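Here are my notes on this one, as numbered points. Have the model open while you read.

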Amino acid sequence: MLSRAALKRMWFASIAHCFDAARESVEVRWRGTYGYVSGHRSFQLFGFDFMVTDALDVKLIEINSSPAVAEELLPQFARDLKARAIDAALEPGNTPPAPLALGAKRDGFTLVYRAPRYDDA
C-alpha cells in the first residue's frame with residue numbers, strides 16, 4: 001500500500017499532466033485565432049473534474065470553461081480568487097507575491113501546476 005505522501009505525489013503528477021495537455025490545447029486554439037499567446041498578466045478559470053479509480057489512479061473526466069462552485073463554498077472561493085488573481089495585480093505599489101513551490105498553499109488555493117511563461121510575440 002502506498003503512503004499518503006506517495007499517493008499525493010502520484011496524483012499531483014497525474015493532475016499536472018492533464019493541466020499541461022489542456023494548456024497545449026488552449027495555446028493551439030489561441031494561436032490559431034489570434035496568432036500569438038499573450039504574456040499579459042491575465043487568467044482564465046477552468047474547472048477540472050477528476051475521479052479516483054478503485055486502483056487509486058486519477059482520471060480526468062472533463063474540463064469546464066465556466067465551472068460551477070458548490071453554493072456553500074462560493075463566497076470564500078470568490079474572496080480567495082479576488083485576493084490571489086486581482087488584488088495582487090491591481091493594488092498600487094503592490095509587488096507580485098513570490099512564486100510558490102508546487103504543493104504550496106496560499107489564499108485557499110494549492111499550486112498543483114505552473115505553466116511556462118511566455119513573452120509577447
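1. Of the contacts in the protein chain with a separation of 6 or more, 47% come from residues 24 or more positions apart; contact here means heavy atoms within 4.5 Å. One long-range pairing to look at is D80 with F109: they sit 29 residues apart along the chain, with C-alpha atoms separated by 7.7 Å.

2. A word on the source: this is a predicted model, where local features need pLDDT of at least 70, side-chain atom pairs count only at pLDDT 80 or more, and totals for chains, interfaces and linings use all residues. Residues are numbered from 1 along each chain as its sequence is written, and side-chain values use heavy atoms, with hydrogens and water left out.

3. The protein chain has two helices and four strands, in the order α-β-β-α-β-β along the sequence. These are DSSP runs numbered from the N terminus (helices: H or I, at least four residues; strands: E, at least two).

4. Buried residues are 17% of the 121 in the protein chain (buried is under 20% relative accessible area, exposed over 50%, partly exposed in between; 1.4 Å probe, protein chains only). D80, in helix α2 (residues 74-90), counts as buried because its relative accessibility is 14%.

5. Strands β1 (residues 47-52) and β2 (residues 58-64) pair in the antiparallel sense over six bridges; pairing requires at least two bridges found by DSSP. V52 has V58 as its bridge partner in β2. The two strands form a hairpin with five residues between them, and L56 in the turn has a positive phi of about 65°.

6. What does a search of the whole structure find by way of aromatic pairs? There is one aromatic pair: the rings of F48 and F50 are stacked, because their centres lie 6.2 Å apart and their planes are at 10°. The cut-offs, for rings of Phe, Tyr and Trp (its six-membered ring), are centres within 6.5 Å, with planes under 30 degrees apart stacked, over 60 edge-to-face and the rest tilted. F48 is partly exposed at 21% relative accessibility, and F50 is partly exposed at 26%.

7. On the surface, V26, F46, L60 and I63 make a nonpolar patch of about 290 Å². Patch residues have over 30% relative accessible area and no salt bridge, with nonpolar side chains (Val, Leu, Ile, Met, Phe, Trp, Tyr) joined within 5 Å and like charges within 9 Å; a salt bridge is a side-chain nitrogen of Lys or Arg within 4 Å of a carboxyl oxygen of Asp or Glu. Areas come from the Shrake-Rupley method with a 1.4 Å probe; for residues, only the protein chains shown count as cover. V26 belongs to helix α1 (residues 4-34) and is partly exposed at 40%.
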